[in-house]
Amino acid sequence: MSQVVGFFIYDEFQTVDLAGPLDAFAVANDLLAPELGYQLTTLAGDATPVRSESGLRTMADTTLANCAKVDTLVVIGGRGCQAVIADQDQMAQLRRLAGNCKRVVSICTGAFVVAAMWPNRALKLATHWDFANKLAMQFPHIVVESDKLFVQSEEVYSSGGLTAGIDLALSLIAQDHGSTLAQRVAQYMVMYVRRSGDQRQYSSLLSVQQTLSQRFQSSIEFIQNNIDKPLSLEMLADEASLSPRHFRRVFKDKVGVSPMRFVQRLRLEKAKDLLCNSELSVAQISSRIGFGSPSLLTRKFTQEYGVNPTQYRENFTMEIK
């Protein structure tokens, strides 16, 4: 029996959030018997063209008010999500549809809309890593899973940023029709049926506050210029003309992490850059960024990003021919 999947879009939605999952379900339709496939439809607040963040204009198939029922309601992310939350009529229609469907899905910042739909439910939600703190602050009743590509919380499913919506769509296809079909869809789309790791592998090292004193800016410059050398707390403290204990306390207070944790994260960021933009081996990269051995780099890299250096290189390096 076919299922109706409704994709809710609005002004300033994110194009990839719609196109990625939509195409995954469409490819599944090509591989399924018609009576088992998905009926795909787009929904909007009214019958006027909807403009995405990138400027793409599209017309939804129907309006929220004219949609009687869907089996899966997919809320797309985008900058316009806050305007949706402020629109009581649209929120009421979304709650109506959500109350009668099999599952509710959010893609990226669509999690904000889903969180607003149920202000009293302590759902676990994923979103783009860059919006995780904002989601947690705006909706303190939500448990934000900032590292996950996607999560399930009862009948509510949510994904991280952008292309993570495809990962979630593949998971839903596997749930509906088995992993073999999901694998065939992934192969057709030239992607993993489930990517290694989680969102931590996408986020770069947080920018250091520009309000740091000259002393600590100099410390960070010293670390950057000597990243390939053995560095110790004592060495960094001496460079800053402070005792190791005082330097560690003040550095963590100003920067947000301890000095040696900062050194490790900076080294791992450099490792990511070299993995994607050079042909150096893991052993060569380990030497260049100051890790004592390739095995230590591999262990620390995997702990930090949820994927080992080789997998990271395979996932993020594209050879152009």
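**Figure 1. Helix H8 meets helix H11 in this predicted model.** The axes of H8 (residues 214-225) and H11 (residues 259-277) come within 10 Å and cross at roughly 45°. Helices here are DSSP runs of H or I with at least four residues, strands are runs of E with at least two, and both are numbered from the N terminus. Axes are lines fitted to C-alpha atoms, for helices over the stretch in contact, with angles running from 0 to 180 degrees between N-to-C directions. That crossing angle makes H8 oblique to H11 (angles under 35 degrees count as roughly parallel, over 145 as roughly antiparallel, 65 to 115 as roughly perpendicular and the rest as oblique). H8 passes H11 in a right-handed crossing, the near helix being turned clockwise from the far one by less than a right angle. Look for Ile220, Ile223 and Gln224 on H8, and for Phe262, Val263 and Leu266 on H11, which make the contact (heavy atoms within 4.5 Å). By class, five of these residues are nonpolar, one is polar and none is charged; Ala, Val, Leu, Ile, Met, Phe, Trp, Tyr, Cys and Pro count as nonpolar, Asp, Glu, Lys and Arg as charged, and the others, Gly among them, as polar.

**Figure 2. Helix H1 packs against helix H7.** H1 (residues 15-31) and H7 (residues 179-188) have axes 9 Å apart and pack at an angle of about 115°. Their crossing is right-handed. H1 brings Ala24, Val27, Ala28 and Leu31 to the contact, while H7 brings Leu181, Arg184, Val185 and Tyr188. Seven residues of this contact are nonpolar, none is polar and one is charged.

**Figure 3. Two cysteines outside any disulfide.** The structure holds zero disulfides, a disulfide being a pair of cysteine sulfur atoms within 2.5 Å. For cysteine 67, the nearest cysteine sulfur belongs to cysteine 101 and is 9.9 Å away. Cysteine 67 counts as buried because its relative accessibility is 8% (buried means under 20% relative accessible area, exposed over 50%, and partly exposed in between, with a 1.4 Å probe and protein chains only). For cysteine 81, the nearest cysteine sulfur is that of cysteine 108, 8.7 Å away. Cysteine 81, at 5% relative accessibility, is buried too.

**Figure 4. Serine 286 and its surroundings.** Serine 286 sits in helix H12 (residues 282-288). With 2% relative accessibility, this serine counts as buried. Leaving aside residues up to four places away in sequence, serine 286 touches Phe291, Gly292, Ser293, Pro294 and Leu297.

**Figure 5. Two loop residues with positive phi.** Glutamate 154 lies in the loop between strand S10 (150-153) and strand S11 (156-159). Its phi is near 60°, a positive value in a residue other than glycine. Glutamate 154 is exposed, at 56% relative accessibility. Serine 241, in the loop between helix H9 (233-239) and helix H10 (244-255), also has a phi near 60°. At 60% relative accessibility, serine 241 counts as exposed.

**Notes for all views.** Residues are numbered from 1 along each chain as its sequence is written, and side-chain values use heavy atoms, with hydrogens and water left out. As the model is predicted, local features need pLDDT of at least 70 and side-chain atom pairs count only at pLDDT 80 or more, whereas totals for chains, interfaces and linings use all residues.
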